[in-house]
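User: Hi! I'm new to reading protein models and would like to know where the labels come from. Could you take me through some of them?

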Amino acid sequence: MKSFFSWAEARRFFVIGLPIFIAQLSQTGMNFADTAMTGQYNAEDMAAVAVAGSIWGPVAVFGIGCLLALPPLSAQFVGAGKRRRAAHLLRQGIWLTLGLSLVLMSFFYVISWRLTAFGLAPKMAELAGGYLRALLWGLPGFMFFVNQRSFLEGFSRTRPAMIIGLLGLALNVPCNYMLIYGKCGFPAMGAVGCGVASAVCYWFMGLAMMCFLRRDPQYRDLRPLFAPWLPWRRKRRESAAVGAGQDREAGGPVFDFPLMFRALRIGFPSAMALFFEVSLFALSAILLAPLGTVMVAGNQIAMNFSALIFMVPLAIGMTATIRVGYCLGARKVAQAKLCALTAMTLSVVFALLICGGTILLRGNIVHIYNDDPEVTRLAMRLLLFAAAYQIVDGLQMSGIGVLRGYNDTRIISVICFVAYWIIGLPLGYALARTDWIVPAMGAEGFWICYLAALGFSAAAYWLRVRYLHSLPPEKVLARVRR
């Protein structure tokens, strides 16, 4: 039992992972509040938010994915006792967030004026474009928040992000109320007001995290944390500190291009993997749209519920990245292996519990969303598929988290591309929309493709983790330092 599971590690996973789970739920809560409150204002505005969100989601996730190298790198620095290098990484992350934000904001701005090219009616294109143009101003604030959260995760501190995420959700609701409906002296802006409210909340989260880090005494020795230009006279003080025998990696150039390139080299494959995954679900929803309202509504219920319970394996995977990265930074290869196996064991246990609960309570779950008999019958069938894929989804998310901890991310993008675009999308289209294999199955065909894609990726990640665990410790550490 001790060879593949540790109760001590399980307790650490709970302490670190529970705040991550709650923080991710708060982000899901913001999306729910946006949809629900615009729906109460006007059905057309709600549809515009949904359409714009399908464009915003994959691209914004790609940008955030480019920063996913920061948590394991920060954890490795902290595990190695190089706190100043972790602070230096935070400062370089500011430059990364600025560069990525400029590129993505430009993309969103151009696309927001070209939505009629996607077949949208002029009025819908105007509303969705206005929502995108309002929301894009919040992207730098949210990416700044992710950068600071990654720094804290290197120290295994996840509670501040949870608290600030909940505060962001608490702010989002009144901001939506004022800007969507036109209260407290503000004009009623509908979907555009929803975008403005989200942008305000993203900047609030980024600035609130900055205020916390500036005031936290634990990081007093690392100040100034938020000076990416770092005055040159500070480098003289650091040189004196090195001469006194302190951390020899304390300093760093204003633009540390090797470190930024290393972060992008590790993070870019993760970003591509996220894009492949999110785009599969987005495309499947689009391909189901011509099959009618019942098909779309039933699929949406199952997808929405799956996105909610996905927060559990996501939290386990993110915690695995932190713990594995920290142990490797401290050169504890055997402990890193135990963390990885504990993460995968926990993912299976929680997946089995969620699977059983979904099967038993699927009727109650569906009635929370809708009471239409046809939609209810379809959604209850789809929730059986959602329950079945919890195990493979849990294994693949914990596997991804472990590989990120090892900085072994290139393989993730390859596996995701094969799983989602070579296996999943063609198989889903064939089963859902054609009679090539079996009579067209509609939404159930895409859920079978999700099972096949996730099953392939889970098996591939497990084999990759086993390969890394078979390497001698010195080779593992050499791979991490690259």
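User: What makes R12 and E9 a salt bridge?

Analyst: First, a word on the model: it is predicted, so local features need pLDDT of at least 70 and side-chain atom pairs count only at pLDDT 80 or more, while totals for chains, interfaces and linings use all residues. Residues are numbered from 1 along each chain as its sequence is written, and side-chain values use heavy atoms, with hydrogens and water left out. Now the pair: a salt bridge is a side-chain nitrogen of Lys or Arg within 4 Å of a carboxyl oxygen of Asp or Glu. The closest N and O atoms of R12 and E9 are 2.8 Å apart, so the pair fits the definition.

User: How far apart are R12 and E9 along helix α1?

Analyst: They are three residues apart in α1 (residues 7-41), so about one helical turn separates them. Helices here are DSSP runs of H or I with at least four residues, strands are runs of E with at least two, and both are numbered from the N terminus. R12 and E9 also belong to a network with R323, joined by salt bridges that share partners.

User: Is E9 buried or exposed, and what about R12?

Analyst: Buried means under 20% relative accessible area, exposed means over 50%, and partly exposed is in between (1.4 Å probe, protein chains only). E9 has 0%, so E9 is buried. R12 has 37%, so R12 counts as partly exposed.

User: Which other side chain does R157 meet in a salt bridge?

Analyst: R157 meets D216, at 2.8 Å from N to O. This pair links distant parts of the chain, 59 residues apart: R157 is in the loop between α6 and α7, and D216 is in the loop between α8 (191-215) and α9 (232-243). R157, at 22%, is partly exposed, whereas D216, at 9%, is buried.

User: What makes E444 and R381 a salt bridge?

Analyst: Their closest N and O atoms are 3.1 Å apart. E444 in helix α17 and R381 in helix α14 (residues 373-388) are 63 residues apart along the chain. With 18%, E444 is buried, while R381 has 37% and counts as partly exposed. How many salt bridges does a search of the whole structure find? The count is eight.

User: Why is α11 called roughly parallel to α17?

Analyst: Axes are lines fitted to C-alpha atoms, for helices over the stretch in contact, and angles run from 0 to 180 degrees between N-to-C directions. Angles under 35 degrees count as roughly parallel, over 145 as roughly antiparallel, 65 to 115 as roughly perpendicular and the rest as oblique. The axes of α11 (residues 293-309) and α17 (residues 443-470) come within 10 Å and cross at roughly 30°, and that makes α11 roughly parallel to α17.

User: Which residues meet there?

Analyst: M295, N299, A302, M303 and S306 in α11 meet A443, W447 and Y450 in α17. Contact means heavy atoms within 4.5 Å.

User: How do you know that α3 is largely enclosed?

Analyst: In α3 (residues 70-79), 10 of the 10 residues are buried, so the rest of the structure largely encloses this helix. The elements covering its buried residues include α4 (83-112), α6 (139-154) and α10. Just after α3, G81 takes a positive phi of about 80°.
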